[in-house]
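Here is a set of short exercises to work through with the model open beside you. Try each task yourself before you read its solution.

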Amino acid sequence: MTFEDRFIKTIQQDIKIFIFFNILSTLFRIIFLVYFREQLVNVTTGDIVLCLWYGFLLSRKLSGCIMAVSFLFCSLPYIVKPKWPEKLLHQWWGSYAIFILTFLFVARIPYYKIFNSGYDIMLLNGLEDDWKAIFQTAVAEYHLWANLAIVVVATLVLCFLLIKVLQLPIYQPKCGKAKKALTIALLIAAPIFFILVRFGGGYSYDTGINWEQAALFRSHLLNEAVLDDGQGLMRADTAWARLHTLTVDLNEKDLRSSIKLLGGNPEAATIEDAFSKENKRQGQPLQAKQVVLIVGESHAHWPFMDRYKEMHLVDKEKARFQKNATQLAFMIPGGDGTMRSLNVLIDGLPDNGMYENYAAESFRSQYATGIANTMQKLGYKTIFWYGGIGSWQDVGKLTLAQGFTEFHSGADGKISHQGVWGIPDAELFALVNKYIEEHKNEKTFHCILTTSNHPPYAIDVGALGFDRQQVAKNAPDTIPTDDNHLNQLGHIWYADLTIDDFIGKAQQQDPSALFVITGDHAERFSFKQQEDEEAIFTVPCIFYGRDVDPAWFESDGVGSHGQITPTLVELLSPIGYKYSSIYHSLLTQEEYAFNKKVWATNGDIGTFQDLADDELSFDFTNKLIAEEKAAEIVTAWRVVKGNKIK
């Protein structure tokens, strides 16, 4: 056999393995759905078909990994060394992979019964449990030996089928030119195939399917069925890594020093007490019945800038906020992703990369610094609204655990259209308006997380009035004007449209309402030319309502997401009111603000990575670095060790 003969032969064997395991994953997915079919309530046939299709795309990653090992250790050596036992190795490797996947699938059935989930962080948390007790429970309650017998029998049957598949005839061109042409074609196709496998059937993170965006259905069972066991293990490992990503040493001495550096009481017995604050704001508290915090998906500050005003992307908000509003010039989000920013808002803890939404402590105790707890103590019912599905990043469980009395998602009510990430913002806001109308005499705090301004940008913005040609005509050199970017700009315009419409209706329902408008992060938009840090990182921070004083914020004021909660407290509570917050109120006009990545001060903004290149004083630079590290230590202690300082 020539080099081309061996290459063509063995690549076909690898492709057979890829197809076999993709089909096997689909088969397991179907069995899983049939086994738990009683949970398929209000689910259509179309939902099930779509679940299987998304799962098929996602399982390309698992099948691709199995194929990659096959190619590297079975095929590649054979291509260069004809005597390499590729046939036997393909069979052995395939059989081993079958055994592992079959074992994981069979074990997933009782795991799902216990945790109502496929493999997740609880799997790794369980490693710290009593192994003897786990084993006894598996034998007594979950039929360990019978399940192992099922694994063995199923593995033997599947291995037999795989061997038969590998024995199927392969195509081998007889002409030398045809062999070379096919070899070249396969080499060219390989990178494209790799990309589609890497991103779960898409060409990028945003267009493909992965475990973090697999919660696409109202049915929790369907959302879990999309994931194969390989993705389930990845979910568990990623969550564990995020939770245990500690870049600081935890000891009482450093914690107390960090508390002091952040303005707290280093002698306190708990972190809650260490950051106890007293409202010193003069004047009467605002009498807002409805308090609404809008966290807009990718709702960035740059469209509000003067240099982009001719694009008219946020005209409605800009017009509304001409009066009865105060705006912060430089607002830094809690983190550089939706969940990292949301954690800061929900928990009141600075971001240090740990992802509190996966931490056991977040479900054991409530953070006194959190926004829902704080608003509840002020007498407000607390409701979290999310356009997507509550199982995404466990946001439903987290918000309820952290003091929100109600959680409503895109799965609630009758929906006319549901995209990849959830219902359109207009429909989400309509649900909130309906709720306000029905409960407008109750003191209620609403936190709304939108979804529409996110890939795949599925709203038909043109039908709603977005003028692509006019926006392209008025776009400056920094803005790309290809169809994809114009569609993305249309969703910024759509976010502005829906936010303004919601606020207008809510204000009619309750004239006393207080609104806070911000974004989760700003980095998603790709500029055509290099933009400054203000455009790349900052999000809007706008307080709006009948009783809002435009003088509350200075023209060059800086702040961060964590300061929204103490600001609301000082606006809504009487002088002398005590509360717990690591952050200071935005009304105190702080000199600087920061998150784990970005800092801002006196009209200047930059990243910690490039801090040495900025023209800041040596003392100020060291102070920024020290406080950022102190914030990480306090968060890590609270999440890992709890509230007590000892």
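## Exercise 1: Two hairpins

F594 stands opposite W599 in strand 13. Before going further, note that this is a predicted model, in which local features need pLDDT of at least 70, side-chain atom pairs count only at pLDDT 80 or more, and totals for chains, interfaces and linings use all residues. Residues are numbered from 1 along each chain as its sequence is written, and side-chain values use heavy atoms, with hydrogens and water left out.

Task: describe how strand 13 is joined to strand 12 and to strand 14, and where its side chains point.

Solution. Start with the terms: helices (H or I, at least four residues) and strands (E, at least two) are DSSP runs, numbered from the N terminus. Two strands pair if DSSP finds at least two bridges between them.

- Step 1. Strand 12 (residues 592-594) and strand 13 run antiparallel and are joined by three bridges. They make a hairpin with three residues between them.
- Step 2. Strand 13 also pairs with strand 14 (residues 604-607), in the antiparallel sense and over four bridges. Here A600 is opposite I605.
- Step 3. This second hairpin has two residues between its strands, and N602 in the turn has a positive phi of about 45 degrees.
- Step 4. From strand 13 (residues 598-601), V598 and A600 point one way while W599 and T601 point the other way, and all are buried. Buried means under 20% relative accessible area, exposed over 50%, and partly exposed in between (1.4 Å probe, protein chains only).

## Exercise 2: The open sheet

Task: work out the strand order of the seven-stranded open sheet, and find which strands stand at its edges.

Solution. A reminder to begin with: strands of a sheet pair through backbone hydrogen bonds, either parallel or antiparallel.

- Step 1. The order is 3-9-8-2-7-5-6, with mixed pairing.
- Step 2. Strand 3 (325-327) and strand 6 are at the edges; each has a single partner strand, so one side of each is left without a neighbour in the sheet.
- Step 3. From one strand to the next, the twist averages 15 degrees.
- Step 4. Strand 5 and strand 6 run parallel, joined by three bridges, and F384 has F407 in strand 6 as its bridge partner.
- Step 5. Helix 21 (residues 564-572) packs on the sheet, where it touches strand 2, strand 7, strand 8 (514-519) and strand 9 (542-545), and its direction makes about 170 degrees with that of strand 8. For such angles, axes are lines fitted to C-alpha atoms, for helices over the stretch in contact, and angles run from 0 to 180 degrees between N-to-C directions.

## Exercise 3: The faces of helix 17

Task: which residues of helix 17 are buried, and what do they pack against?

Solution.

- Step 1. Helix 17 (residues 425-438) has 14 residues and spans 20 Å from its first C-alpha to its last, close to the 20 Å expected at 1.5 Å a residue (1.5 Å times one less than the number of residues).
- Step 2. Its buried residues are D425, L428, F429, V432, N433, Y435 and I436.
- Step 3. Viewed down the axis of helix 17, these fall within an arc of 160 degrees, so they line one face of the helix; the arc is that of the directions from the helix axis to the C-beta atoms.
- Step 4. On the other side, K434 and E438 are exposed.
- Step 5. The buried residues pack against strand 2 (290-296), strand 5 (381-386), strand 6 (406-408), strand 7 (444-449) and helix 19 (483-509). Contact means heavy atoms within 4.5 Å.

## Exercise 4: Core and loops

Task: find the residues with the most contacts inside the largest nonpolar core, then place L378 and Y577.

Solution. A nonpolar core is a set of buried Ala, Val, Leu, Ile, Met, Phe, Trp, Tyr and Cys residues joined through side-chain atoms within 4.5 Å.

- Step 1. The largest core has 91 residues, and W302, F384, F445, L489, F502, L568 and L572 have the most contacts inside it. Helix 19 gives the most to this core, with nine residues.
- Step 2. L378 sits in the loop between helix 15 (371-377) and strand 5, and is buried, with a relative accessible area of 11%.
- Step 3. L378 and V569 are 191 residues apart along the chain, yet their C-alpha atoms are separated by 7.8 Å.
- Step 4. Y577, in the loop between helix 21 and strand 11 (578-580), is partly exposed at 21% relative accessible area. Leaving aside neighbours within four places in sequence, Y577 is in contact with K277, E278, N279, K377, L378 and V569.
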